Amino acid sequence: MLMSILYRSHAILGRESRAERSMLNTVRTLNRAAKITGHLHREEDVYYQWIEGPVAAVEALLIRLQRDPRHADFSLLGRQITTHRQFADWSMGYSTSNEGDLLEWAIRNGSSLKVTDPAQMVAFFHDQALRNEIRERPALYRHLRDAGSDTATAIDHQQ
Ligand SMILES: Cc1cc2nc3c(=O)[nH]c(=O)nc-3n(C[C@H](O)[C@H](O)[C@H](O)COP(=O)(O)O)c2cc1C
C-alpha cells in the first residue's frame with residue numbers, strides 16, 4: 001500500500017546553497033533505499049514537497065521531517081492512501097521559482113491563488129519535473145516544441 005503526503009514549510013537553508021545541494025543528494029540516496037519518490041519545489045523561502053512511497057516509510061519520514069531544523073513552520077497540506085505513484089521516476093525532483101513560478105502557473109491555469117489543493121500542486125510539480133527532464137533531453141524538447149507543447153513554449157520564453 002502506498003501513501004502520499006504534501007506539505008509546506010519555511011526554508012532555512014540558502015536557495016541552491018551548498019548545504020541545500022548536499023541535503024538533496026543525501027535525500028535522493030535515502031529515498032532510493034526506502035522506495036520513496038516525489039518532488040520538492042522551492043518558491044522563494046517556501047518549500048512544497050510531495051512524497052510518496054510505502055506507508056510505513058512515509059510515516060517514518062514525516063516524523064523525521066517535522067524534527068528537521070533545516071526548515072520550519074511545517075504544515076501538512078494533504079495525506080492520502082493511493083494505488084499509484086505520481087513521480088515514479090524521481091527519487092526527489094527539485095525545482096525553484098526560477099524554473100517556474102507557482103503563482104504565475106496558478107493564474108495561467110485559472111486556479112485559485114491559494115494553491116494548497118494537493119491535486120493542483122501535483123499538476124504544477126509535473127510541469128516542473130517535465131521541464132527539468134526536457135532540459136536534460138534535447139531530443140524530447142524538440143519533439144514537444146514541434147508538437148506545440150505549452151511546456152516547451154514556456155521554456156523558450158525563459159531562454
Ligand atoms: C526540505 C527537506 C526535504 C527533505 N526531504 C527528504 C526526503 O524526501 N527523504 C528523506 O529521507 N529525508 C528528507 N529530508 C531529510 C530528513 O528530514 C532527515 O534528515 C533524513 O530523512 C535523515 O534522517 P535523520 O536526520 O533522522 O538521520 C528532508 C529535509 C528537508 C529540510
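This is a short chat about a predicted protein model and the ligand it holds.

Visitor: Hi! What should I know about the numbering and the kind of model?
Guide: Residues are numbered from 1 along each chain as its sequence is written. The model is predicted, with local features needing pLDDT of at least 70, side-chain atom pairs counting only at pLDDT 80 or more, and totals for chains, interfaces and linings using all residues.

Visitor: Thanks! How many residues surround the ligand, and which are closest?
Guide: The ligand is surrounded by 16 residues, with Val 27, Leu 30, Asp 68, Arg 70 and His 71 the closest. A residue counts if its C-beta atom, placed from the backbone, lies within 6 Å of the molecule.

Visitor: And which elements give two or more residues to that shell?
Guide: Those are α1 (18–34), β3 (46–54) and α2 (55–67). Helices (H or I, at least four residues) and strands (E, at least two) are DSSP runs numbered from the N terminus.

Visitor: Which one gives the largest share?
Guide: That is α1, with four residues.

Visitor: Cool. Is α1 itself covered or hardly covered?
Guide: Hardly covered: one of its 17 residues is buried, where buried means 20 or more other C-beta atoms within 10 Å of its own, with C-beta atoms placed from the backbone.

Visitor: What comes just after α1?
Guide: Lys 35, which takes a positive phi of about 60°.

Visitor: Switching topic, how many helices and strands does the protein have?
Guide: There are six helices and five strands, and along the sequence they follow the pattern β-α-β-β-α-β-β-α-α-α-α.

Visitor: And how much of the protein is buried?
Guide: Buried residues are 23% of the 159 residues.

Notes. Buried ≥ 20, exposed ≤ 12 C-beta atoms within 10 Å, placed from the backbone.
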